[in-house]
Amino acid sequence: MHPLLEAAGRLHGRMIEWRRDFHRHPELGYEEHRTSAKVAEHLRGLGLEVRTGVGRTGVVGLLRGERDGPTILLRADMDALPIPEADKGIDYMSVAEGKAHLCGHDAHTSMLMGAAQILKERGLKRGNVKFMFQPAEEGLAGARAMIEDGVLDNPRVDAACALHVSPAHPAGRVAVIRGAGWAATDRVIIRIIGQGGHAAAPHQAVDAVAVAAQVVGALQQIVSRQTDPLDAAVVTIGKISGGHAFNAIAPEVLLEGTVRTLVPETQRRIRERIEAIVQGVTASFGASYEYEYEEGYPMLVNSDAMNELVKRICDETLGPGHWEYGRTSMGGEDFAFVAQRVPSAMFRLGTCNGENTAYPLHHPMFNLDENALPIGAALLASLAVHCLENHGI
């Protein structure tokens, strides 16, 4: 057995304890005060240099090697989701109403805590490892906030790596994504402005609900009829709100949705087409509109060199046959802000061992096989060692 995997195995019980504690006490983006305190306490106990309050509630640990050299950053996200957890029959259910770790960030944090301990106990001959425990990945750009607070500086980061749990893969299996790993994720806000009235006299009003229905239908043509079928894109209206009573015509309807793209030109074109469609449909029905388009996370592009390193580390640490090429996700990931600045790779780590761990991310029943925890910790530690001591960067 690889020595770093063996070391991770000795920490398996502790990583389970950490993960279940975080799972029981989930915190939303920029509210991770308890989680951050636990992480900082662990890193200080290891003797690492620790900064807190980075990007509001983020934590950075720094492990220096015996000699100067490059710096690799390993990242985990700490925030939970504003989704109630379903009763899964576990004794570490979330005790925070309406909040739960349903994306595996509790596991990410625990694995990186384990990797920090493994590397501290082993020691580094050269270079530095920076441990980035970030807040607010779920839509609030915690990675960007930490970058603005200097997480990539002092010492300057030369490369970065992260993992994300995957219920779509068997526990311990690694999926490496070539090129674009996660999509650019933007937000659309459309307000349809009509004229209210009595439901029995629609000719005396401008029905914002009817206009909104036409807008939603027309927007689906952007991907199905105005985008190259080989160019992946998504336009989804996820929220509609409007109206006051069943027997009154709504004066306004608010539509909120998301655009997911893998090509910048497609992103620009869809942004323009949405407003053109909204403008045309509302004008044809005598309504007006307000339109906001917010660019969110950029596309996450994995470095070829870092991907090659991930594959090599999988073979060396786990043995041949434990990785595969994975598919691009149209989901978003704010590790993309790091990947824009330094060569980076994010890989998926399988966490499924059967029906109870096969629910998708963000599902109220999501859970994972905790046997993947030492594997993830060992891979992160191995990546750091290889980069720094074997001149991978």
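The expected span of a helix is 1.5 Å times one less than its number of residues. With that yardstick in hand, this predicted model can be taken helix by helix. Helix α4, covering residues 105-122, has 18 residues and runs 26 Å from its first C-alpha to its last, close to the expected 26 Å. As for its surroundings, 15 of the 18 residues of α4 are buried, so the helix is largely enclosed by the rest of the structure. Right after α4 comes Gly123, with a positive phi near 90 degrees.

Helix α6 gets the same check. Spanning residues 208-226, α6 has 19 residues and reaches 26 Å between its end C-alphas, close to the 27 Å expected at 1.5 Å a residue. Its N-terminal end is capped by Asp207, which puts a side-chain oxygen 2.9 Å from the backbone nitrogen of Val209. The buried residues in α6 are Ala208, Val211, Ala212, Val215, Leu219 and Ile222. And what sits on top of them? The cover over the buried residues of α6 includes three strands, β8 (184-193), β10 (233-242) and β12 (252-261), along with helix α7 (264-284).

On to the rings. A pair of aromatic rings is described by the distance of the centres and the angle of the planes. The structure holds two such aromatic pairs. In one of them, the ring centres of Tyr297 and Phe337 are 5.7 Å apart and the planes meet at 80 degrees, so this pair is edge-to-face. Tyr297 belongs to strand β13 (residues 288-297) and Phe337 to helix α9 (residues 336-339), so the pair ties together parts that are 40 residues apart in sequence. Are these two partners buried or exposed? Tyr297 is buried, at a relative accessible area of 7%, and Phe337 is buried too, at 6%.

The other pair joins Trp323 and Tyr325, again edge-to-face, with 5.1 Å from centre to centre and 80 degrees between the planes. Buried means under 20% relative accessible area and exposed means over 50%. Trp323 has a relative accessibility of 22%, so it counts as partly exposed. Tyr325, at 36%, is partly exposed as well.

Rings also turn up facing arginines. Arg56 lies over the face of Tyr30, 3.9 Å from the ring centre. Likewise, Arg348 sits over the face of Trp182, in this case at 4.6 Å from the ring centre.

Methods. Residues are numbered from 1 along each chain as its sequence is written. This is a predicted model: local features need pLDDT of at least 70, side-chain atom pairs count only at pLDDT 80 or more; totals for chains, interfaces and linings use all residues. Side-chain values use heavy atoms; hydrogens and water are left out. Helices (H or I, at least four residues) and strands (E, at least two) are DSSP runs, numbered from the N terminus. Buried means under 20% relative accessible area, exposed over 50%, partly exposed in between (1.4 Å probe, protein chains only). Contact means heavy atoms within 4.5 Å. A polar contact is a pair of N or O atoms within 3.5 Å; within protein, one must be able to donate a hydrogen and the other to accept it, and residues adjacent in sequence count only if both atoms are side-chain atoms. Rings of Phe, Tyr and Trp (its six-membered ring) pair if their centres lie within 6.5 Å; planes under 30 degrees apart count as stacked, over 60 as edge-to-face and the rest as tilted. A charge sits over a ring if NZ of Lys or CZ of Arg is within 6 Å of the ring centre and within 35 degrees of the ring normal.
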